[in-house]
Amino acid sequence: MRQGEISLVGVLALFSIYLMWKSAELPIGYIRGEGPGGGFWPFWLSLGMLLSCVSIAWNWSRGKSPASASDEPLMDAFGWRTVMLVGGGVVGFVALVPIVSMYGAVCLFMLYYLRFLGRHSWPLTLGLALMLPFALFFFFEGAMQISMPQGLPFTQPFFDLMYDIIY
Amino acid sequence: MEVFSFLADGIFLALKPVNLALILIGVTVGLFIGAMPGLGSVNGVAILLPITFLVPPASAIIFLAAIYYGAMYGGAISSVTLGIPGASTAVATTFDGRPLALQGRASLALVTAALASFVGGTVATVFFTLFAPLLASVALNFGPPEIFALMLLAFATFVGLGGDDIPKTIFSICFGLVLATVGFDTISGAPRLVLFDIQGFIRGIGFIVLAIGVYGIGEMLWTIEQTRGEITTTNPKMTAKGLASDAKEAVQRGWKGTWIGSILGFFVGVLPAAGATPGSLMSYGVAKIISKTPHEYGNGSPDGVAAPEAANNSASTGAMLPMLTLGIPGSPTTAILLGGMVIWGLTPGPRLFLDESEFVWGLIGSFYVSNVAAVLINLAFIPLFVWMLRMPFTILAPLIFVLSIIGGFAASRSMHDLWMIVIFGLGAFFLRKFDYPLAPAVLAIVLGPIAEPTLRQSLLLSSGDPSIFFIRPIAGPITVIAIILILLPALKLLRRNGRVS
């Protein structure tokens, strides 16, 4: 944890410097007759972020925060595995949206999570994984009139059929 | 006395069968839309606006106001049951609502939220009835320096009341404020902070993207990792008797927060451009300051649920005031309501109360009726909402992920934003591991677009002299209180060190 905290502070400090540099593309000072420039607010706030990082690092060096006083690892093997499987599942879900449509991705994600992570029975898994996309379709496309991504052209027959039902 | 006669006429108008039916439908629809992460009152009002052309203007605005009310009640539901604030106004509700749900007291949290919302809405409507023209003129005195001072006060409550790690809280606030500046400089129109030259950033980063990332993905990952997937909650009370005992407990343990939220929320809501989010946040902060048990806040205090919920309902009624009396919308939803009124041929402004008194008093009457309808419908649906929490976590978790992603897309309609939700979620998980408070960042991204232009306009007014925030009669005291709150942790630390030595 101790090593992790200072590494994170380092990354955040670098990001703060990047934001300061990026903000400075617009004027960061006071322009007579126009007021503060467009970069004024983000630049000084990014500086605030950087100074906060310095302060966090100072507290770390004195062992003031719980993480800086801990020799425990950030996560054990189970924690890393859980984060990789669940977080990876969410990343995969979003990656599938432009390919199999939002509703297809919901179906596949539910299958993955319920069956492989949750170890639920096939009837429950299939029931939820197939019913949820339909319920979401009727809510978003029918009631709220919000169109979701439809994926690659091979999903079009499904959408044609569903739009025939709701319109 | 004239006011009461107008009000009686207004309530009778709202109780006409067609209007009553519209109120019941509007509140129910609003409740479910508000409960959905990513969708808020603005979506409901915008989508159903065309339907209102089928009914007279008075019925139409009553219907839209009922949706607005229902959605305000509904915002608490996703905050408590899913831990995701469906709208920015419900962020503060997660602070104590979610811990209560994790302790198996979701029904207490939801009942407290419903009752506090009812009191908040009713108190605000009474204020609205009695003082509308007077308050509208006071609100007009709030210029950019006063609004900025108010924003400063909102941020100061975080620093003054935040956890032990003040630098991390300040980092979180600054981070949220910087994220709010991504996209375009609203004053010069120049592209600004287009990070890594990725064009998707030109559209900016919306509140909902950060909120869903932090709460829908990051917080869920953290919960799964911490509990090793074995989340245990006691079976919530589902009986009428259980609800009644929760209601009794909510009144006993949440009355203080309810009153603070009801009164403070209304006055912040009345201010143009301020709205319900700073109102709910400040009410939470003030309730914590004056509480005898501030350590309970953040761990499941009913007062911590009541204060922001009463405030956001009170503020949403308050936000109607500048819309009707001055024609200035206080929130995106009131902006759509204003648009509707213009389409129906009504001109909001000081003369509306005189020229269209039947319309105005019908609307005010509908606030009272909608409030009663909303609290009853909300209480009736609480068993359904807590039922969700009885699902095994391995079913609830993927449902929350799906609702987060699909709700995130519904709000932004952009794949770039979906990826940002995932990145914020993973980032939030690691920041949470190292005790960075993330709620300040979420609220800062909401308040940033109000704070920045008001600061720049104020400095332009004073030719760059920051004393403008101290010498104006309204801005001065607010700024001083904000600075005291910011310095409070340092003073506490000095006192503690003094005692130790």
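Leaving aside its neighbours within four places in sequence, with which residues is B:Ile445 in contact? In this predicted model, the contacts of B:Ile445 are B:Gly176, B:Leu179, B:Ala180, B:Ile205, B:Phe207 and B:Leu210.

B:Ile445 and B:Leu210 also appear among the residues that touch the most other members of the largest nonpolar core, a group that further includes A:Val106, B:Ile62, B:Leu110, B:Met151 and B:Val442. That core comprises 201 residues. Helix α4 of chain B, residues 57-81, gives the most to this core, contributing 17 residues. From chain A, domain 1 and domain 2 each supply at least three residues to the core.

The domain assignment of chain A places domain 1 at 2-69 and domain 2 at 77-166. Their C-alpha centres are separated by 39 Å.

Helix α3 of chain A departs from a straight course, as the following values show.

| Feature of chain A | Location | Value |
|---|---|---|
| End-to-end C-alpha distance | α3(A), residues 77-117 | 16 Å |
| Reach of a straight helix at 1.5 Å a residue | α3(A), 41 residues | 60 Å |
| Kink | α3(A), centred on A:Val100 | about 130 degrees |
| Positive phi | A:Arg119, just after α3(A) | about 55 degrees |

Between the two chains, 48 residues of chain B are in contact with 56 residues of chain A. On the chain B side, the elements giving two or more residues are α3 (41-48), α8 (166-181), α9 (207-227), α17 (393-412), α18 (415-433) and α19 (439-461). The residues of this side of chain B comprise 33 nonpolar, five polar and ten charged.

Definitions and conventions. Residues are numbered from 1 along each chain as its sequence is written. Chains are lettered from A and ligands numbered from 1 in the order in which they are written. This is a predicted model: local features need pLDDT of at least 70, side-chain atom pairs count only at pLDDT 80 or more; totals for chains, interfaces and linings use all residues. Domain bounds come from an automatic or database domain assignment. Helices (H or I, at least four residues) and strands (E, at least two) are DSSP runs, numbered from the N terminus. The expected span of a helix is 1.5 Å times one less than its number of residues. The bend at a residue is the angle between axes fitted to the seven residues ending there and the seven starting there. A nonpolar core is a set of buried Ala, Val, Leu, Ile, Met, Phe, Trp, Tyr and Cys residues joined through C-beta atoms within 7 Å. A residue is buried if 20 or more other C-beta atoms lie within 10 Å of its own, exposed if 12 or fewer, and partly exposed in between; C-beta atoms are placed from the backbone. Two residues are in contact if their C-beta atoms, placed from the backbone, lie within 7 Å. Ala, Val, Leu, Ile, Met, Phe, Trp, Tyr, Cys and Pro count as nonpolar, Asp, Glu, Lys and Arg as charged, and the others, Gly among them, as polar.
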